[in-house]
Amino acid sequence: MTDQTPVLRLEDIVKTFPGVRALDGVSFSVLPGEVHALMGENGAGKSTLMKVLGGILQPNEGRIFIEEEPTVMTTPVQAKAKGVVFIHQELSLADELTVAENIWLGELPLKSFGRVNWAKLYEDTNAILKTLNVGFDAKTRVGDLSIANQQMVEIARALTVDPKAVIFDEPTASLTDAEKVVLFDVISDLQSKGVGIIYISHRMEEIFKITDRISVLRDGQYRGTLNTRETDEEEVTKLMIGRSLDLSRNESHHEMGDVALEVRGLSCGKLYQDVSFNVRKGEVLGFYGLVGAGRTEIAETLFGLRDPSAGQILLNGQEVRIKSPIDAIANGISLVPEDRKGQGLVLGMNCRDNMTLPQVDDLTAGPFVSDGAEIAIFDQYRDKLDIRTPGWRQTVGNLSGGNQQKIVIGKWLSMRPEVLIVDEPTRGIDVGSKSEIHNLIRDLAAQGYAVIVISSEMPEVLHVSDRIVAMYSGKVMREFTSDEVTEDSLIQAISGITADKVA
Amino acid sequence: MNKDTLLKQGAIWAFIVVELIFFSIAGSYLSVSDSAFMDFDNMLLLLKQSAPIGIIALGMTIIMINGNIDLSVGATYALSAIILLDSMTWPFMQAMGDWAIPLAWVFALLTGTILGAINGLIVWKTGVDAFIVTLGSMLGYRGLVFMYNGEQPTSHLNWTLVDFAEAQFLGLHTATWFLLGAALLLWLLMTKTVHGRNAYAIGNNREAAVNAGIRVGPHFLWNFMLIGFLASLSAVVFYSESGSVNPNDGMLYELWAITAVVLGGTKLTGGYGSIISTLGGVIAIQLLRKGLGHIGADTETVNLVIGLILIAVLFLDRQLNRKGKEELKT
């Protein structure tokens with residue numbers, strides 16, 4: 001491989017932001033036809049590096065070579081023209097426009113008088129969509145597509161030029177398994193055309209499945225490149241965080257109390273049907289399933305954000321009606337939502353105000369908010385959850401993902417809930433903080449909270465749960481205890497294969 | 001076009017039909033005049049009266065699809081009107097006889113375009129929100145109007161001009177032709193050209209547009225120049241006939257234009273909207289004004305009713321767009 005010309009080579013890239021050295025002398029190269037994984041914890045500088053490559057940010061020092069030609073890219077368009085295409089993690093599509101318009105945004109084909117050449121536009125787009133093997137055409141409105149199909153539109157953008165290097169930033173974050181297969185086909189197709197691919201992901205199994213080499217960043221510094229075939233998860237993790245990771249099953253069992261929450265035959269239209277389960281005090285119940293299986297929707301129903309169309313919710317044996325989050329909080333149910341930044345926190349507010357947000361009505365001294373009471377609550381949970389922040393005045397948006405999640409958890413613990421629902425507790429949180437959050441969840445259960453954990457990551461579910469509910473397309477397929485569950489049976493259950501067929 | 005978009009874009013026209021039926025029936029009981037509401041001449045007059053706000057509303061549609069807003073159009077309208085009428089009294093213009101007319105039109109249209117360009121440049125170069133920028137220029141431009149002639153009206157009647165403005169071609173008044181012509185050109189602009197499609201993209205997802213290499217600032221500048229041009233075109237059409245402008249003329253026009261645009265279904269947040277639906281919105285408002293007048297309601301009542309209907313329509317729109325009981329509460 002050494003005699004090949006790299007399609008893309010970086011040399012000593014330095015990028016500084018006020019007060020931060022986000023990239024510190026990063027060098028690596030991508031060969032034609034290789035899938036090169038870029039890994040690192042959150043904040044390690046992956047996104048910054050990719051923005052530099054995509055022409056969105058300019059490096060302060062260092063050089064970029066495309067096929068050994070020194071190149072300066074000042075805009076995303078320029079980068080694309082030179083053959084470097086960046087597929088964003090967060091969808092950047094205009095949902096009122098058609099698929100075709102989105103794919104060719106900024107470079108619509110022209111006729112005279114600045115008119116759009118619709119015929120050519122649709123023809124070219126359908127040709128690209130055909131190679132992607134998707135079930136929609138050029139004239140579909142993007143807003144009508146599922147998230148996964150929108151991701152496909154994003155990918156189709158890369159195919160409008162003859163790319164030399166394509167950067168995928170966490171492309172599978174919202175894809176189902178079947179859609180992943182299509183994506184991987186696209187990637188191997190690009191590979192066979194000699195395109196270099198940079199693949200960013202937190203998911204180890206994908207990395208080991210499709211990549212050739214792995215480069216690791218830590219704290220803005222380049223830590224080394226490994227050949228995927230000669231390494232294992234352990235080594236990569238060590239390189240990323242400087243220590244190895246525990247992926248074992250949950251072994252500890254502590255005293256369990258009465259049933260705290262029971263759900264009987266709960267349905268909500270087409271989202272999920274006839275769901276029954278219960279969770280006891282001191283127990284962690286895991287919900288595992290594919291994206292779209294209805295897990296989050298159940299959590300939202302329990303928290304009063306959706307109205308169920310049938311079924312009962314019982315708290316401590318009493319039937320309750322939960323019509324709004326206010327009812328849910330009053331009944332001792334708390335939800336740590338999936339989208340931490342969008343639904344869980346007010347990013348522009350400080351740590352203390354975020355934590356006391358649901359109860360600030362009660363924390364008053366005369367007509368004013370009582371600062372002292374608020375700070376007391378913040379201090380208590382900062383110590384209890386080991387939240388690392390310079391002080392309560394710190395704006396939450398500046399904290400790391402793990403600490404942000406702890407603020408959300410602290411916020412709900414301070415409301416003294418009985419049932420704590422945690423949706424995707426470690427999404428977008430780096431490997432090191434993950435196990436910390438896992439330990440925290442186990443601790444909370446040990447203290448007598450009933451905890452429901454929703455997760456799409458199998459190691460996480462295995463690691464924290466006493467029991468696991470497997471869901472498939474809106475239905476509960478099977479329930480496992482942590483002793484009987486195996487990876488195989490769990491995968492079968494969430495793929496829609498019933499237990500008796502397996503046996 | 002699928003059923004959904006048909007419903008969305010047809011709603012305003014259905015509303016117009018309902019209005020026509022209502023006022024025809026109510027008019028036959030309540031009307032103070034003998035003539036029927038659906039009288040052909042009455043309808044032609046209605047179109048003519050829609051023109052001043054209508055032409056501005058068409059431009060406002062593009063600005064709002066962009067995700068911006070322009071509050072200064074009323075003042076731009078008044079200042080253009082003053083330039084139009086006053087320029088014809090300048091000595092060198094008077095020496096030109098009737099040839100002064102096209103030149104006066106050019107002066108007036110240039111005024112609007114330049115005022116629009118000032119708005120656009122400030123929005124582009126400072127990055128300040130268009131609402132704030134045009135709120136400032138609304139006050140500023142209105143100040144210019146008062147500086148020109150104090151509290152005095154500016155008047156100049158040119159009979160050739162009046163004849164032109166009052167002419168009817170194929171039954172339609174000059175003003176109506178301008179309204180329909182502007183609507184056709186802008187519809188072509190928004191649906192057929194790259195500039196128009198980029199306007200939707202910018203309003204819908206500005207970051208995506210920037211990442212795709214669309215130059216958002218210059219794009220805004222063009223659109224503000226366009227709406228400035230249209231505001232003065234509206235003034236040219238109206239004041240060619242009336243021949244006298246008060247310094248307070250055109251006040252609240254920006255709000256009427258926005259009302260028509262919103263009634264036509266354009267999203268306040270940008271990214272969605274249609275020129276044709278705005279035309280429907282303009283006609284619907286004018287119908288309400290005329291129809292309520294026809295059945296004997298006074299101006300205050302008319303405004304109250306239009307306000308209530310606007311809120312009712314937006315509420316209905318929200319309900320229609322809900323996904324039923326499964327929806328996440330917010």
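**A friendly note on chain B and the nonpolar cores**

1. Let's start with Tyr239(B): leaving out residues up to four places away in sequence, Tyr239(B) touches Tyr77(B), Ala81(B), Leu84(B), Leu85(B), Ser244(B), Val245(B) and Asp249(B), where contact means heavy atoms within 4.5 Å. Please keep in mind that this is a predicted model, in which local features need pLDDT of at least 70 and side-chain atom pairs count only at pLDDT 80 or more, while totals for chains, interfaces and linings use all residues. Residues are numbered from 1 along each chain as its sequence is written, chains are lettered from A, and side-chain values use heavy atoms, without hydrogens and water.

2. Tyr239(B) also appears in the largest nonpolar core, which has 95 residues; Met60(B), Leu84(B) and Tyr239(B) touch the most other members. Such a core is a set of buried Ala, Val, Leu, Ile, Met, Phe, Trp, Tyr and Cys residues joined through side-chain atoms within 4.5 Å. Helix H2 of chain B (residues 40–65) gives this core its largest share, 13 residues.

3. A second, separate core has 61 residues, among them Leu261(A), Val408(A), Ile409(A) and Ile452(A).

4. Of the 330 residues in chain B, 52% are buried, meaning under 20% relative accessible area with a 1.4 Å probe, protein chains only.

5. Chain B has a radius of gyration of 21 Å, which agrees with the value near 20 Å for a compact globule of 330 residues. This radius is taken over C-alpha atoms, and the globule rule is 2.2 Å times the number of residues to the power 0.38.

6. Among contacts in chain B between residues at least 6 apart in sequence, 79% join residues at least 24 apart.

Methods: Buried means under 20% relative accessible area, exposed over 50%, partly exposed in between (1.4 Å probe, protein chains only). Helices (H or I, at least four residues) and strands (E, at least two) are DSSP runs, numbered from the N terminus.
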